Amino acid sequence: MRQPYALSYFQTSPPSPQYRRDGFVVMDGLLSPQECDQLRQRMAEIVDEMDVPDHCRITFSTDHDEQLKEQGNADYFITSGDKIRFFFEKGVFDDKGEFIVPKQRSINKIGHALHAYEPLYKKVTHSPKVQGIAKKLGLVSPVVLQGMYIFKQPGIGGEVTPHQDATFLYTEPLGRVMGLWIALEDATVNNGCLWFIPGSHNSGITRRMVRTHKGTLPLTDFVGREQQYDEDKFVAVPVKKGGVVLIHGEVVHRSAVNTSDDSRHVYTFHLMEAQDTRWSADNWLQPSEELPFPPLYTK
(Lines give C-alpha, C1' and ligand atoms only; values in the text may rest on other atoms or scores of the structure.)
Protein backbone atom coordinates (compact mmCIF):
# COMPACT_ATOMS: atom_id res chain seq x y z
CA MET A 1 0.00 0.00 0.00
CA ARG A 2 1.44 3.33 -1.07
CA GLN A 3 1.09 6.76 0.50
CA PRO A 4 -2.09 8.81 -0.08
CA TYR A 5 -2.12 10.76 -3.31
CA ALA A 6 -1.28 14.47 -3.19
CA LEU A 7 -3.93 17.02 -4.13
CA SER A 8 -3.81 19.41 -7.03
CA TYR A 9 -5.71 22.65 -6.69
CA PHE A 10 -8.49 23.76 -8.99
CA GLN A 11 -7.58 27.40 -8.83
CA THR A 12 -3.96 27.06 -9.94
CA SER A 13 -3.17 23.76 -11.64
CA PRO A 14 -4.33 22.68 -15.12
CA PRO A 15 -5.38 19.00 -15.08
CA SER A 16 -3.81 17.80 -18.31
CA PRO A 17 -0.24 16.62 -17.44
CA GLN A 18 -1.13 14.71 -14.26
CA TYR A 19 -4.32 13.29 -15.72
CA ARG A 20 -2.60 12.02 -18.84
CA ARG A 21 0.28 10.50 -16.85
CA ASP A 22 -1.65 8.80 -14.05
CA GLY A 23 -5.15 8.38 -15.50
CA PHE A 24 -6.67 10.45 -12.71
CA VAL A 25 -6.18 13.75 -10.92
CA VAL A 26 -7.67 15.39 -7.82
CA MET A 27 -8.75 19.03 -8.02
CA ASP A 28 -9.72 20.82 -4.84
CA GLY A 29 -12.55 23.35 -4.59
CA LEU A 30 -14.81 22.56 -7.54
CA LEU A 31 -17.83 23.18 -5.31
CA SER A 32 -18.21 25.35 -2.23
CA PRO A 33 -19.31 23.79 1.06
CA GLN A 34 -22.68 25.47 0.62
CA GLU A 35 -23.14 23.95 -2.85
CA CYS A 36 -22.28 20.52 -1.47
CA ASP A 37 -24.83 20.94 1.31
CA GLN A 38 -27.52 21.98 -1.18
CA LEU A 39 -26.97 18.83 -3.22
CA ARG A 40 -27.11 16.67 -0.11
CA GLN A 41 -30.27 18.36 1.10
CA ARG A 42 -32.00 17.85 -2.22
CA MET A 43 -30.97 14.18 -2.20
CA ALA A 44 -32.40 13.75 1.31
CA GLU A 45 -35.71 15.09 -0.03
CA ILE A 46 -35.63 12.63 -2.95
CA VAL A 47 -35.05 9.71 -0.58
CA ASP A 48 -37.81 10.87 1.77
CA GLU A 49 -40.23 10.98 -1.16
CA MET A 50 -39.22 7.69 -2.84
CA ASP A 51 -41.79 4.94 -3.26
CA VAL A 52 -40.04 1.83 -4.53
CA PRO A 53 -42.08 -1.19 -5.66
CA ASP A 54 -41.12 -4.52 -4.09
CA HIS A 55 -39.80 -5.97 -7.36
CA CYS A 56 -37.42 -3.03 -7.73
CA ARG A 57 -35.69 -3.55 -4.40
CA ILE A 58 -32.45 -4.86 -5.88
CA THR A 59 -28.89 -4.49 -4.65
CA PHE A 60 -25.99 -2.94 -6.54
CA SER A 61 -22.66 -4.73 -6.90
CA THR A 62 -19.50 -4.57 -9.00
CA ASP A 63 -18.59 -8.21 -8.32
CA HIS A 64 -18.64 -10.22 -11.58
CA ASP A 65 -20.97 -13.04 -10.55
CA GLU A 66 -23.21 -10.93 -8.34
CA GLN A 67 -23.68 -8.42 -11.15
CA LEU A 68 -24.99 -11.16 -13.41
CA LYS A 69 -27.41 -12.39 -10.76
CA GLU A 70 -28.68 -9.11 -9.36
CA GLN A 71 -28.44 -6.65 -12.26
CA GLY A 72 -28.46 -8.89 -15.31
CA ASN A 73 -31.95 -10.17 -14.54
CA ALA A 74 -33.28 -6.75 -13.64
CA ASP A 75 -35.00 -4.71 -16.32
CA TYR A 76 -35.12 -1.99 -13.68
CA PHE A 77 -31.35 -1.54 -13.98
CA ILE A 78 -30.93 -1.80 -17.73
CA THR A 79 -33.69 0.74 -18.39
CA SER A 80 -32.45 3.28 -15.83
CA GLY A 81 -30.33 5.36 -18.18
CA ASP A 82 -33.04 7.94 -18.77
CA LYS A 83 -34.66 7.71 -15.33
CA ILE A 84 -33.93 8.32 -11.66
CA ARG A 85 -33.90 4.96 -9.88
CA PHE A 86 -32.85 3.50 -6.55
CA PHE A 87 -30.24 0.79 -5.85
CA PHE A 88 -29.80 -0.59 -2.36
CA GLU A 89 -27.07 -1.94 -0.11
CA LYS A 90 -26.96 -5.62 0.81
CA GLY A 91 -28.84 -6.70 3.91
CA VAL A 92 -31.20 -3.73 4.21
CA PHE A 93 -34.41 -5.73 3.53
CA ASP A 94 -35.90 -8.64 5.40
CA ASP A 95 -37.22 -11.74 3.64
CA LYS A 96 -40.49 -9.91 2.99
CA GLY A 97 -38.78 -7.00 1.25
CA GLU A 98 -39.30 -4.57 4.14
CA PHE A 99 -36.61 -2.17 5.33
CA ILE A 100 -34.66 -3.30 8.38
CA VAL A 101 -32.64 -0.07 8.50
CA PRO A 102 -33.82 3.54 8.10
CA LYS A 103 -34.37 4.13 4.39
CA GLN A 104 -31.95 7.08 4.41
CA ARG A 105 -29.27 4.52 5.37
CA SER A 106 -30.40 1.82 2.92
CA ILE A 107 -29.36 3.16 -0.47
CA ASN A 108 -26.14 2.41 -2.32
CA LYS A 109 -26.76 4.81 -5.19
CA ILE A 110 -29.40 6.72 -7.14
CA GLY A 111 -29.06 7.03 -10.91
CA HIS A 112 -28.66 7.32 -13.77
CA ALA A 113 -30.26 10.53 -15.10
CA LEU A 114 -29.82 12.94 -12.21
CA HIS A 115 -27.83 15.18 -14.56
CA ALA A 116 -30.88 15.62 -16.79
CA TYR A 117 -33.91 15.77 -14.51
CA GLU A 118 -32.75 17.33 -11.23
CA PRO A 119 -32.05 21.07 -11.65
CA LEU A 120 -29.36 21.36 -8.97
CA TYR A 121 -27.42 18.41 -10.37
CA LYS A 122 -27.89 19.60 -13.93
CA LYS A 123 -26.48 22.99 -12.95
CA VAL A 124 -23.36 21.42 -11.44
CA THR A 125 -22.88 19.09 -14.42
CA HIS A 126 -22.94 21.94 -16.93
CA SER A 127 -21.24 24.54 -14.72
CA PRO A 128 -18.60 26.88 -16.16
CA LYS A 129 -15.95 25.15 -14.01
CA VAL A 130 -16.81 21.71 -15.41
CA GLN A 131 -16.92 23.05 -18.96
CA GLY A 132 -13.56 24.71 -18.33
CA ILE A 133 -12.00 21.42 -17.24
CA ALA A 134 -13.29 19.70 -20.36
CA LYS A 135 -11.91 22.45 -22.58
CA LYS A 136 -8.49 22.34 -20.87
CA LEU A 137 -8.40 18.61 -21.63
CA GLY A 138 -9.15 19.34 -25.29
CA LEU A 139 -12.67 17.90 -25.44
CA VAL A 140 -14.41 19.25 -28.52
CA SER A 141 -17.90 17.74 -28.39
CA PRO A 142 -18.37 16.14 -24.97
CA VAL A 143 -21.73 14.66 -24.04
CA VAL A 144 -23.03 13.54 -20.64
CA LEU A 145 -23.61 9.80 -20.38
CA GLN A 146 -25.00 9.34 -16.89
CA GLY A 147 -25.28 10.97 -13.47
CA MET A 148 -25.35 9.18 -10.10
CA TYR A 149 -25.41 9.92 -6.40
CA ILE A 150 -23.37 7.44 -4.32
CA PHE A 151 -23.96 7.27 -0.56
CA LYS A 152 -21.28 4.90 0.84
CA GLN A 153 -23.36 4.43 3.97
CA PRO A 154 -21.62 4.42 7.38
CA GLY A 155 -20.92 0.92 8.62
CA ILE A 156 -22.40 -0.87 5.59
CA GLY A 157 -21.29 1.07 2.50
CA GLY A 158 -20.32 -1.72 0.15
CA GLU A 159 -16.96 -2.48 -1.41
CA VAL A 160 -16.41 -1.49 -5.03
CA THR A 161 -14.03 -4.07 -6.44
CA PRO A 162 -11.19 -3.13 -8.83
CA HIS A 163 -12.62 -2.17 -12.21
CA GLN A 164 -12.33 0.12 -15.22
CA ASP A 165 -15.26 2.33 -16.21
CA ALA A 166 -14.74 1.41 -19.88
CA THR A 167 -15.87 -2.11 -18.98
CA PHE A 168 -19.37 -0.68 -18.68
CA LEU A 169 -19.04 2.41 -20.93
CA TYR A 170 -17.22 1.11 -24.00
CA THR A 171 -16.25 3.24 -26.98
CA GLU A 172 -14.31 2.85 -30.19
CA PRO A 173 -11.66 4.04 -29.98
CA LEU A 174 -11.04 3.67 -26.26
CA GLY A 175 -9.95 6.64 -24.20
CA ARG A 176 -13.02 8.79 -24.88
CA VAL A 177 -14.77 8.49 -21.49
CA MET A 178 -13.98 10.44 -18.32
CA GLY A 179 -15.67 10.34 -14.94
CA LEU A 180 -16.00 13.34 -12.63
CA TRP A 181 -16.34 12.21 -9.01
CA ILE A 182 -17.33 15.09 -6.71
CA ALA A 183 -16.97 14.66 -2.93
CA LEU A 184 -19.94 16.22 -1.14
CA GLU A 185 -18.22 15.52 2.19
CA ASP A 186 -14.64 14.56 3.00
CA ALA A 187 -13.66 11.23 1.41
CA THR A 188 -11.02 9.59 3.59
CA VAL A 189 -9.24 6.26 3.91
CA ASN A 190 -11.53 5.51 6.86
CA ASN A 191 -14.87 6.11 5.10
CA GLY A 192 -14.06 4.53 1.75
CA CYS A 193 -12.17 6.93 -0.53
CA LEU A 194 -11.07 5.80 -3.98
CA TRP A 195 -7.84 3.88 -4.62
CA PHE A 196 -6.09 3.92 -8.01
CA ILE A 197 -3.26 2.20 -9.84
CA PRO A 198 -1.45 5.18 -11.43
CA GLY A 199 -0.74 4.69 -15.12
CA SER A 200 -3.03 1.65 -15.47
CA HIS A 201 -5.09 3.45 -18.12
CA ASN A 202 -2.40 2.61 -20.68
CA SER A 203 -3.02 -1.15 -20.72
CA GLY A 204 -6.48 -1.45 -22.31
CA ILE A 205 -9.37 -3.35 -20.72
CA THR A 206 -9.83 -7.02 -19.88
CA ARG A 207 -13.62 -7.39 -19.73
CA ARG A 208 -16.82 -5.81 -21.01
CA MET A 209 -20.39 -5.80 -19.78
CA VAL A 210 -22.63 -6.27 -22.83
CA ARG A 211 -26.32 -6.60 -23.53
CA THR A 212 -27.38 -10.10 -24.43
CA HIS A 213 -29.64 -10.96 -27.37
CA LYS A 214 -33.18 -9.62 -27.05
CA GLY A 215 -35.49 -12.06 -25.34
CA THR A 216 -32.75 -13.90 -23.44
CA LEU A 217 -31.78 -13.92 -19.78
CA PRO A 218 -29.75 -12.57 -18.14
CA LEU A 219 -30.16 -9.19 -19.80
CA THR A 220 -26.41 -8.52 -19.57
CA ASP A 221 -23.30 -10.67 -19.58
CA PHE A 222 -19.56 -10.24 -19.33
CA VAL A 223 -16.99 -10.85 -22.03
CA GLY A 224 -13.63 -11.59 -20.37
CA ARG A 225 -12.76 -11.36 -16.69
CA GLU A 226 -11.27 -8.66 -14.49
CA GLN A 227 -7.63 -9.48 -13.94
CA GLN A 228 -6.03 -9.77 -10.52
CA TYR A 229 -4.12 -6.69 -9.40
CA ASP A 230 -1.18 -6.22 -7.07
CA GLU A 231 -2.51 -4.53 -3.92
CA ASP A 232 0.80 -2.74 -3.45
CA LYS A 233 0.23 -0.77 -6.65
CA PHE A 234 -2.93 0.96 -5.39
CA VAL A 235 -2.67 4.44 -3.90
CA ALA A 236 -5.30 6.00 -1.66
CA VAL A 237 -6.88 9.19 -3.00
CA PRO A 238 -8.58 11.16 -0.21
CA VAL A 239 -10.61 14.17 -1.35
CA LYS A 240 -11.77 17.20 0.57
CA LYS A 241 -15.41 18.23 0.55
CA GLY A 242 -16.07 20.05 -2.73
CA GLY A 243 -13.13 18.49 -4.55
CA VAL A 244 -13.38 16.45 -7.73
CA VAL A 245 -11.47 13.46 -9.09
CA LEU A 246 -11.13 13.21 -12.87
CA ILE A 247 -11.13 9.51 -13.79
CA HIS A 248 -9.91 8.15 -17.13
CA GLY A 249 -12.23 5.44 -18.45
CA GLU A 250 -9.49 2.81 -18.39
CA VAL A 251 -7.72 3.52 -15.11
CA VAL A 252 -8.10 0.74 -12.52
CA HIS A 253 -9.73 1.90 -9.29
CA ARG A 254 -11.62 0.56 -6.31
CA SER A 255 -12.95 1.51 -2.87
CA ALA A 256 -13.21 -0.45 0.36
CA VAL A 257 -16.19 -1.11 2.61
CA ASN A 258 -17.07 1.87 4.75
CA THR A 259 -16.67 0.55 8.29
CA SER A 260 -16.57 4.02 9.85
CA ASP A 261 -19.36 6.05 11.43
CA ASP A 262 -19.18 8.63 8.63
CA SER A 263 -20.93 8.55 5.27
CA ARG A 264 -19.12 9.43 2.04
CA HIS A 265 -21.63 11.11 -0.25
CA VAL A 266 -20.59 11.72 -3.85
CA TYR A 267 -22.15 13.10 -7.02
CA THR A 268 -20.51 11.54 -10.07
CA PHE A 269 -21.13 11.70 -13.80
CA HIS A 270 -19.42 10.54 -16.98
CA LEU A 271 -18.52 12.46 -20.12
CA MET A 272 -17.71 11.11 -23.57
CA GLU A 273 -15.89 12.92 -26.36
CA ALA A 274 -18.45 12.40 -29.12
CA GLN A 275 -16.32 13.67 -32.00
CA ASP A 276 -15.02 10.73 -34.06
CA THR A 277 -16.25 8.28 -31.42
CA ARG A 278 -18.58 5.27 -31.72
CA TRP A 279 -20.68 4.45 -28.66
CA SER A 280 -21.14 0.68 -28.52
CA ALA A 281 -24.65 -0.59 -29.16
CA ASP A 282 -23.75 -3.47 -26.80
CA ASN A 283 -23.36 -1.20 -23.77
CA TRP A 284 -26.01 -1.58 -21.08
CA LEU A 285 -26.50 2.20 -21.13
CA GLN A 286 -28.11 3.54 -24.29
CA PRO A 287 -29.46 6.95 -25.26
CA SER A 288 -33.21 7.07 -25.76
CA GLU A 289 -35.72 9.22 -27.59
CA GLU A 290 -36.66 10.73 -24.24
CA LEU A 291 -33.03 11.41 -23.30
CA PRO A 292 -30.31 11.51 -25.96
CA PHE A 293 -26.88 12.06 -24.46
CA PRO A 294 -26.95 15.84 -23.81
CA PRO A 295 -24.03 18.06 -24.94
CA LEU A 296 -21.91 19.33 -22.04
CA TYR A 297 -21.29 22.71 -23.58
CA THR A 298 -24.33 24.95 -23.30
CA LYS A 299 -24.79 28.20 -25.11
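Me: How far apart are the end C-alpha atoms of helix α2 (residues 33-49), and what span should its 17 residues have?
Reply: The model is a predicted one. At 1.5 Å a residue, the expected span of α2 is 24 Å. The computed distance agrees with that expectation, since the end C-alpha atoms of α2 are apart by 25 Å.

Me: Where do the buried residues of α2 fall when the helix is seen down its axis?
Reply: The buried residues of α2 are C36, L39, R42, M43, I46 and V47. Seen down the axis, these buried residues fall within an arc of 145°, so they line one face of the helix. On the other side of α2, Q34 and E49 are exposed. The buried residues of α2 thus fall within an arc of 145°.

Me: Which elements do the buried residues of α2 pack against?
Reply: C36 belongs to the buried residues of α2, and its relative accessible area is 0%. The partners of the buried residues include two helices, α5 (114-117) and α6 (119-125). The strands they pack against are β3 (84-88), β4 (107-112), β5 (142-150) and β8 (177-183).

Me: What are the numbers of helices and strands in the chain?
Reply: The chain holds 299 residues, and 56% of them are buried. Among contacts between residues at least 6 apart in sequence, 81% join residues at least 24 apart. The secondary structure comes to seven helices and 16 strands.

Me: How many disulfides does a search of the whole structure find?
Reply: Two cysteines can be described by their accessibility: C36 has a relative accessible area of 0%, and C193 is at 1%. Both values lie under 20%, so C36 counts as buried, and so does C193. For disulfides, the search of the whole structure gives a count of zero.

Me: Is the aromatic pair of F168 and F222 stacked or edge-to-face?
Reply: A pair of aromatic rings is described by the distance of the centres and the angle of the planes. For F168 and F222 the distance is 6.3 Å centre to centre, and the angle between the planes is 85°. An angle over 60 degrees places a pair in the edge-to-face class, so the pair of F168 and F222 is edge-to-face.

Me: How many residues apart in the chain are F168 and F222?
Reply: F168 lies in the loop between β6 (160-163) and β7 (171-172), while F222 lies in strand β11 (residues 220-224). Both F168 and F222 are buried. Their pair links distant parts of the chain, with a separation of 54 residues.

Me: Which residues do ring pairs link into a cluster?
Reply: The count of aromatic pairs comes to 14. Ring pairs join certain residues into a cluster, and its members are Y121, Y149, F151, Y267 and F269.

Me: What is the omega of the cis peptide bond that joins E172 and P173?
Reply: A cis peptide bond joins G111 and H112, with omega about 15°, and H112 has its place in strand β4. P173 is found in the loop between β7 and β8. For the cis bond that joins E172 and P173, omega is about -5°.

Me: Is D276 buried or exposed?
Reply: D276 lies in the loop between β15 (266-273) and β16 (278-279), and its phi is near 55°, a positive value in a residue other than glycine. K152 also has a positive phi, near 45°, but K152 is buried at 3% relative accessible area. The relative accessible area of D276 is 64%, which is over 50%, so D276 is exposed.

Terms used. Residues numbered from 1 in each chain as written. Predicted model: local features only at pLDDT ≥ 70, side-chain atom pairs only at ≥ 80, totals over all residues. Heavy atoms only, no water. Helix = DSSP H or I, 4+ residues; strand = E, 2+ residues; numbered from the N terminus. Buried < 20%, exposed > 50% of the residue type's maximum accessible area, 1.4 Å probe, protein only. Contact = heavy atoms within 4.5 Å. Disulfide = S-S within 2.5 Å. Expected span 1.5 Å × (residues − 1). Arc of directions from axis to C-beta. Phe/Tyr/Trp six-rings, centres within 6.5 Å; stacked < 30°, edge-to-face > 60°.
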